[in-house]
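Trainee: Please choose a single part of this model and take me through it closely, with the cut-offs behind each term.

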Amino acid sequence: MEYTKMTVAQALVKFLDNQYVEFDGVETKFVEGIFTIFGHGIAVGLGQALDENPGDLKVFQGRNEQGMCHVATAFAKQHNRRKIIPCASSVGPGAANMVTAAATATVNNIPLLVFPADTFANRQPDPVLQQLEQSSSLSITTNDAFKPVCKYWDRIVRPEQLMTAMINAMRVLTDPAETGAVCIGICQDVEGESYEYPEYFFQKRVHRITRPVAVEEEVEDLAAIIAGAKKPLIVVGGGVKYSEAGETVEKFCEEFNIPFGESQAGKSACKSSHQYCLGGIGVTGTLASNTIAEDADAVIAIGTRLSDFTTGSKNQFKNPDVKVVTINNNKFHAYKLDAVKAVGDAKVTLEALSQKLRERNYKSAYTTEITDAKAAWDKEMEHLAKYAYDDQFEPMVKARDPRTIPEFVELTGGVITQTAALCAIREVIPEDATIITAGGSLPSCMQRIWTTDKRGGYHAEYGYSCMGYEVAAALGVKLAEPDKEVYTVVGDASFQMLHSEIMTAMQERAKINILVFDNCGFGCINNLQMNNGIGSIGTEFRYRDTNNETKGNLIPVSYAKVAEGYGLKTYTVKTIDELKAALEDAKNQDNAVLIDLKVIPKTMTDGYKSWWNVGLASTSGMESVQEKYTELEAERYKARRY
């Protein structure tokens, strides 16, 4: 048996460079490289190893630890979880910065491997620079904060522990049912310690991502329920996308005359143009999906977590006799809504279910309901595309302060509505482009409005609704699809939160297109306040006034000038025609692009037979709040209890 003496950091790099995955017979190198900000604790440990011999791993230089992890998450997501870029940080603040991104990856079931440096295992120099000390236990460090947001957590305090830690890390990262963030904290003194590692630790490893089909009894259970349904409805979740089962779902719907709605994660697993596609479903769903959902007597949830937005806080499926069945490779999610479950891969389990229904000569009882619902939504889409600031203009969402919209128009000169802007973007950009969205009102509009026939062409992070994901994700998607145009739509508030990886995109010469929707504030949350009888508080970008309240004039910002400072090609647009011209010109650019859109507040989509349970005050001196609470309680009573 052969052994090689090397440091922990050197062994880690060599191990990562030899990991592969296999899916449907196709082998792919699993680890693309390492994203890092060489802070204290890794600069001379992991940094030395990467400098001396990185193998085939690329080293990416991040600007913000959360941002670089979002890049890595988007990269893995766009690769359908079959490639990753691990992220490494310093011992203290750098590590803490990655916690939000780790939670984002875990909620969305995306593999993210993080290596935060840790304190000294021998404790001799304690407290070291950036060390968080807890008087209750010297073994607690900043990295313990990762435990609740990761699927696997470990700390390397001896060189030989690296081997079992990394084998278990790969076990979780390559498991479709359990994947998410994995944290391996490495004590900074141990990083540089040497050990004689057996050569078999560095052998090429191929982790097979398999397609387990649900057991026959479970498939039979589903078939029995669906066979008794007259108006079933499929909910397409992210598991359909990662299983690459979109075409299978489409064929299933065609054969059995069943329509489907899409979750945020599931959107673009199937083609938007498909005859049975109703678009987004739930709180941010289309009129078509939510109309069909009201009467559905069976809901077939495939690869979805069944979040409150997808189920309308368990109030979307109003048929009192509705039955829920699930197909999910994760048993935890399969049990949601007290469903009759089939635990297995979406594609092969749906194929097995098809055979059972075929034997029963099953066909749903829909006649014109599907085409009628789609026609009504198409008519609404025409209205949204033409929605303009003119003599007949009315805001989509109530504005308590009547000065907001005219003040915004006068301040910025912008007369763009959000819905018309999104429709214009869809019209102009390439059909095979990928578009990215995350927190705020943009995902709400996008789940309803956006259409694409490119599988994986809609990239949304709405499981954690993490504002600040958008710009970083654009780089991650571009690294995954270097030959395709990549667009990200981001609200001005999200842009302010985190746009640090613009510089990384410039460094990588990555052509990304950033579209900043400037409406002077947190428009989504402002709507939530207004719709529940509350005044605008802390959601508009206004100066502090003479009454010591932030109710002064709106604050103008040029996001184009911010981006110009980084070297991007920039445009400021105030009309739909200017937006279309900018998008056309941007196609001819080799450089990253930012378009600063001045978008009128309160011009996003709203409603469409959906409801969301929120924690509104049950006691208030405001009559408007009391009225809304009464309405809320009535809907809560109608909702399914669990």
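Mentor: Helices (H or I, at least four residues) and strands (E, at least two) are DSSP runs, numbered from the N terminus. The model is predicted, so local features need pLDDT of at least 70 and side-chain atom pairs pLDDT 80 or more, while totals for chains, interfaces and linings use all residues. Residues are numbered from 1 along each chain as its sequence is written, and side-chain values use heavy atoms, without hydrogens and water.

The part I would choose is residues 440-596, where an unreviewed UniProt entry places the feature "domain: Thiamine pyrophosphate enzyme TPP-binding"; such positions are given in the numbering used here, with shortened feature names, and annotations may be inferred rather than shown by experiment. Over residues 440-596 the chain is 39% helix and 15% strand, and the end C-alpha atoms lie 17 Å apart.

Let us turn to the sheet. Six strands form an open sheet in the order 19-18-20-21-23-22, paired in parallel, where two strands pair if DSSP finds at least two bridges between them. Strand 19 (458-460) and strand 22 (569-573) stand at the edges, and because each has a single partner strand, one side of each is left without a neighbour in the sheet. From one strand to the next the twist averages 20°. Strand 18 (residues 434-437) runs parallel to strand 19 and is joined to strand 19 by three bridges, with I436 standing opposite H459 of strand 19.

Next comes a helix packing. Helix 19 (residues 469-480) meets helix 3 (residues 65-78), their axes coming within 7 Å and crossing at roughly 45°; axes are lines fitted to C-alpha atoms, for helices over the stretch in contact, and angles run from 0 to 180 degrees between N-to-C directions. Helix 3 and helix 19 are therefore oblique to each other, since angles under 35 degrees count as roughly parallel, over 145 as roughly antiparallel, 65 to 115 as roughly perpendicular and the rest as oblique. Helix 3 contributes residues including H70, V71, A74 and F75 to the contact, and helix 19 residues including Y469, A472, V477 and L479, where contact means heavy atoms within 4.5 Å. The residues of this contact divide into ten nonpolar, five polar and one charged, with Ala, Val, Leu, Ile, Met, Phe, Trp, Tyr, Cys and Pro counted as nonpolar, Asp, Glu, Lys and Arg as charged, and the others, Gly among them, as polar.

The partner helix 3, at residues 65-78, belongs to a stretch, residues 31-134, that the unreviewed UniProt entry labels "domain: Thiamine pyrophosphate enzyme N-terminal TPP-binding".
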